[in-house]
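Reader: I'm in my first year and still learning to read protein models. Could you take me through one part of this one closely, and explain the terms as you go?

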Amino acid sequence: MDQTATMLDIGGPHGPSDARLVLVTAARIITQSGPDAEAMVLFGDHVLATGSAEEMSRLAPGAPRHDYGDATVVPGFNDAHQHLTMMAAQTSGLDLSAPQLDSPDALAAAITRHAASLPAGGWMVATRYDHVRSSAGQRLTRAELDAAVPDRPAILVHIGAHWGVANSRALAAAGLDDGSVAPAGGELGRDAAGRLDGFVSEQPLFDFVYPSLAAGEPIVPPTPVDELVPAILASAEKMLAAGITSVCDAMVGPRELQLLQRARDHGLPLRVNALLTFPHLPALTELGLRDGFGDEWLRIGGIKAFVDGAVAGRSCAVAEPFEGTDDTGILTTTAEQLQDLVGRATAAGTRLAVHANGERAIEMVLDALEQVAATGAPMLRHRIEHCSIVTPSIVGRMKRLDVIAVPFGSYAYFHGDKLLQWYGVDRLERMFAHRSLRDAGITVAGSSDYPCGPWEPLLGLQSCVTRRSATGRDVGPSQRLSVREALELYTVGSAASSGEDGVKGRLAPGFLADFTVLDGDLMTVDPDRIGAVRVRETWVGGVRRWAA
């Protein structure tokens, strides 16, 4: 039986007899390692074997059996880039992504109502603000936010997570006034008279709300770590309900790492690969640590760096201006700074995961990698996060450098209509270029970048397969994938992106017993309904962690 060639030695002369054996059967088990199967045998937290129901029943005749009938079993979904700790931190604020907040009046009313519910003098923090959906593309100003929240500091964080709007009290708390100069790699918006209009982009926003990237203590007082443990466990439960068994938290500093460790102490039920933000590389190096430190539940996956702005914030560094403008986005670092960081990370044996959306940003990353490679330094499999707009030249250079691409999975669906408006039909054929990258032999991972896009991987699969927006418009249809190829992004590809492709992403002998049970058959469902497929159960480490 080929499938059992690498079985663990668990039995005596008559074969396996350990009480830790479990038999799983279903109409289809997509193993991502050879043909689909009808059954698999688990041994503890690993897969022992896969094959036909008859073969697996003979292998483990007395094992408890979980028969899922006409369901489909797939390797557990692995979100290669999202923000689990940020999701937990945002639970105490106001989420502005609700569908009913589709007008300036509805938005202002929600902000005012939430602010009134807070303790006197406390901060009003709202996230996932989408100015396209709520105010026809016109972002709120400081004056409008002052009118809605006159008596306390308030800040709205855009859904792209790279810019926001602050009211006068918030600006004052940050020490910003009309004479202030934006820090390097950041922007402060101004009105026609030259006064600050409340717009804060990149580093000025990071200083407000992101502890791992703030130049000092964040301006908005962060919630104590112990108080966030229930929130991160609740967030993990939402991941499990979507069939997710592993995530990469792509923006972690000391506070966030402490939160993840505390959550693990309290039974964190899914696996986390943590990317430490670049200011913390010296500390990592000083301790002699590198990516891979940790275990199968919580590990350090590398260093996260930034080169440009956001796709959904229309601030990435593009080669040609956004449609109808002369704006080509923002670079948040210099070529010299990036090359220095690549050199230091490479010398430390730690992979980099560099946020780069536009062509100008991606080319800067590739330049730095090529320059360091030319010194003879042994190169790691670095990652380009988002890798949103490519050219044939970029694809070729990425292949030569063996770089891993981590594009957005669900953006064509979730942000598609605004992207068509901002980037145009032709450019969308080179955005989130899963087909071009995959066909070139580049490793491609699946990611949501939540809170910037929906976390549900099935919606990501639908987006990659159909390349249609929520309103049914084509968004770069030349980049469509088959269902199996899209599934590979969120399993095999994501495992490779964290250096765990030897233990994750497949249901094969010796791999972790992380899997998701889906109602119906992904191979035959209407592609426009993939996102509506129901998750029945989610297993992590051979244990059922969630059931519908």
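Author: Happily; here is a walk along one strand and its partners, followed by the cores, another sheet and a pocket.

A word on the model comes before the details. This is a predicted model, with residues numbered from 1 along each chain as its sequence is written. Local features need pLDDT of at least 70 and side-chain atom pairs count only at pLDDT 80 or more, while totals for chains, interfaces and linings use all residues; side-chain values use heavy atoms, with hydrogens and water left out.

Let's begin with strand 22, residues 535-540. Strands (E, at least two residues) and helices (H or I, at least four) are DSSP runs, numbered from the N terminus. Five of the six residues of strand 22 are buried, meaning under 20% relative accessible area (exposed is over 50%, partly exposed in between; 1.4 Å probe, protein chains only).

Which strands flank it? Strand 21 (residues 515-518) runs antiparallel to strand 22 and is joined to it by four bridges; two strands pair if DSSP finds at least two bridges between them. One of the bridge partners is easy to find: T516 goes with T538 in strand 22. Strand 23 (residues 543-547) also pairs with strand 22 in the antiparallel sense, over four bridges. Here W539 stands opposite R544. Two residues lie between the strands of this hairpin, and G541 takes a positive phi near 60°.

Now look at the largest nonpolar core, which has 82 residues. Such a core is a set of buried Ala, Val, Leu, Ile, Met, Phe, Trp, Tyr and Cys residues joined through side-chain atoms within 4.5 Å. L366, I384, M398 and L522 touch the most other members. Beyond its neighbours within four places in sequence, L522 is in contact (heavy atoms within 4.5 Å) with residues including T72, V74, L458 and V533. Another core, of 39 residues, lies apart from it, and V125, V157, L420 and F432 are among its members.

There is also an open sheet of six strands, in the order 9-10-11-12-14-13, with mixed pairing. Strand 9 (94-95) and strand 13 (186-190) are at the edges with a single partner strand each, so one side of each has no neighbour in the sheet. Within this sheet, strand 12 (residues 163-166) and strand 14 (residues 196-202) run antiparallel, joined by three bridges. V165 has F199 of strand 14 as its bridge partner.
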